[in-house]
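Reader: I am new to this structure and should like to be guided through it. May I put some questions to you in turn?

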Amino acid sequence: MDPRALKELELDAVARLYKVIPVETGIQTKAPVPPAPAPGATWEELRIQVAECRACDLCKQRKQAVFGVGAENAPWLFVGEGPGADEDEQGEPFVGQAGRLLDSMLAAIGCQRGREVYIANVVKCRPPGNRTPTHEEAAACAPFLDRQIDLLGPRLIVALGKTAATRLLGTEASLASLRGRVHRYRGIPVVVTYHPAYLLRSLPEKAKAWEDLVFARRTLQAATA
């Protein structure tokens with residue numbers, strides 16, 4: 001029976017005793033998850049949906065959602081993990097120290113932010129303390145990243161770090177085992193390399209990241225030949 005009707009009949013206490021209706025705990029249920037972006041959502045419509053998203057708890061502490069940045073017809077798509085403090089403040093991915101390193105990496109292969117490259121993240125809101133996003137948080141943001149990929153139509157995706165590789169390739173394999181090979185996501189070639197934030201802590205790995213970028217450039221050239 002409807003709980004409201006039971007209460008009006010003053011039978012709600014009895015019903016709870018016999019577990020006909022659940023006991024009220026005072027805990028608020030989560031807001032309904034918004035629908036995934038419509039297949040025909042434009043860039044501007046998608047931006048609005050991302051800004052208004054409440055699909056996971058990351059929205060509670062963010063200053064703003066970080067949508068992505070770059071040319072909307074770029075052949076390169078770089079996918080990172082999630083916004084940090086600087087990104088949450090400015091609303092653009094990779095703007096801190098790791099962002100400056102990424103810009104240098106792009107320049108080394110003849111690319112420039114805002115021109116040949118689009119940059120996005122697995123999650124659009126900053127995880128507390130810059131922790132790694134959970135699988136549930138990545139899944140909540142997955143429709144947004146997928147729609148960005150549909151709109152962009154990149155010729156190559158570069159996964160920056162383990163979180164991006166796991167999200168795109170659906171594997172928990174080590175980053176080392178995924179490097180140096182061409183993978184596919186939705187039919188698009190994917191190359192895996194280290195996240196710039198990791199490279200700042202592990203300077204010797206920069207040489208390996210350079211090898212990955214050279215490999216990515218060759219892969220793109222082969223794909224467009």
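The questions and answers below concern a predicted model.

Reader: In what order do the six strands of the open sheet stand?
Author: The model, which is predicted, contains an open sheet of six strands with mixed pairing. S1 and strand S5 (183–185) stand at the edges, each with a single partner strand, so one side of each is left without a neighbour in the sheet. The order is S1-S3-S2-S4-S6-S5.

Reader: How many bridges join strand S2 (residues 76–80) and S3?
Author: S3 also pairs with S1, in the antiparallel sense and over two bridges. With S2 the sense is parallel. In that pairing Val79 stands opposite Ala120 in S3. The number of bridges between S2 and S3 is five.

Reader: Which residue of S3 stands opposite Val69 and is also the bridge partner of Phe78?
Author: S3 pairs with S1 in the antiparallel sense and with S2 in the parallel sense. The residue of S3 opposite Val69 is Ile119. The bridge partner of Phe78 in S3 is likewise Ile119.

Reader: How many residues of strand S3 (residues 117–121) are buried?
Author: In a regular strand, side chains alternate between the two faces of the sheet. On one side of S3, Val117, Ile119 and Asn121 are buried, and on the other Tyr118 and Ala120 are buried, so that both faces are covered. The strand is therefore mostly covered, and the count of buried residues is five of five.

Reader: Within what arc do the buried residues of H3 fall, seen down the axis of the helix?
Author: The buried residues of H3 include Trp43, Leu46 and Val50. On the other side of the helix, Glu44 and Glu52 are exposed. The buried residues line one face of H3, because they fall within an arc of 60°.

Reader: How many residues apart in sequence are the parts tied together by the pair of Trp43 and Phe67?
Author: A search of the whole structure finds four aromatic pairs. One of them joins Trp43 and Phe67, edge-to-face, at 6.1 Å centre to centre and with 75° between the planes. Trp43 lies in helix H3 (residues 43–52) and Phe67 in the loop between H3 and strand S1 (69–70), so the separation of the parts is 24 residues.

Reader: Is Phe67 buried or exposed?
Author: A residue counts as buried under 20% relative accessible area. Trp43, at 12% relative accessibility, meets that condition. Phe67 has a relative accessibility of 6%, and therefore counts as buried.

Reader: Which residue forms one aromatic cluster with Trp43 and Phe67?
Author: Trp43 and Phe67 form an aromatic pair. The cluster that holds these two residues also holds one from S3, where it is buried on the side shared with Ala120. That residue is Tyr118.

Reader: Is the pair of Tyr194 and Tyr198 stacked or edge-to-face?
Author: Tyr194 is buried, with a relative accessible area of 8%, whereas Tyr198 is partly exposed at 30%. Their rings lie 5.2 Å apart, centre to centre. Planes under 30 degrees apart count as stacked. With 25° between the planes, the pair is stacked.

Reader: What is the volume of the largest cavity?
Author: A search of the whole structure finds one cavity of 30 Å³ or more. Its lining has 13 residues, of which Cys53, Cys56, Arg62, Cys125 and Cys141 lie nearest the centre. By class, the lining has ten nonpolar, no polar and three charged residues. The volume of this cavity is about 80 Å³.

Definitions and conventions. Residues numbered from 1 in each chain as written. Predicted model: local features only at pLDDT ≥ 70, side-chain atom pairs only at ≥ 80, totals over all residues. Heavy atoms only, no water. Phe/Tyr/Trp six-rings, centres within 6.5 Å; stacked < 30°, edge-to-face > 60°. Helix = DSSP H or I, 4+ residues; strand = E, 2+ residues; numbered from the N terminus. Buried < 20%, exposed > 50% of the residue type's maximum accessible area, 1.4 Å probe, protein only. 1 Å grid on protein atoms, 1.4 Å probe; cavity = no way out; pocket = protein on both sides within 12 Å on 5 of 7 lines; lining within 4 Å. Points joined across faces, edges and corners; volume = space filled by probe spheres on them. Nonpolar A, V, L, I, M, F, W, Y, C, P; charged D, E, K, R; others polar. Pairing = 2+ DSSP bridges. Arc of directions from axis to C-beta.
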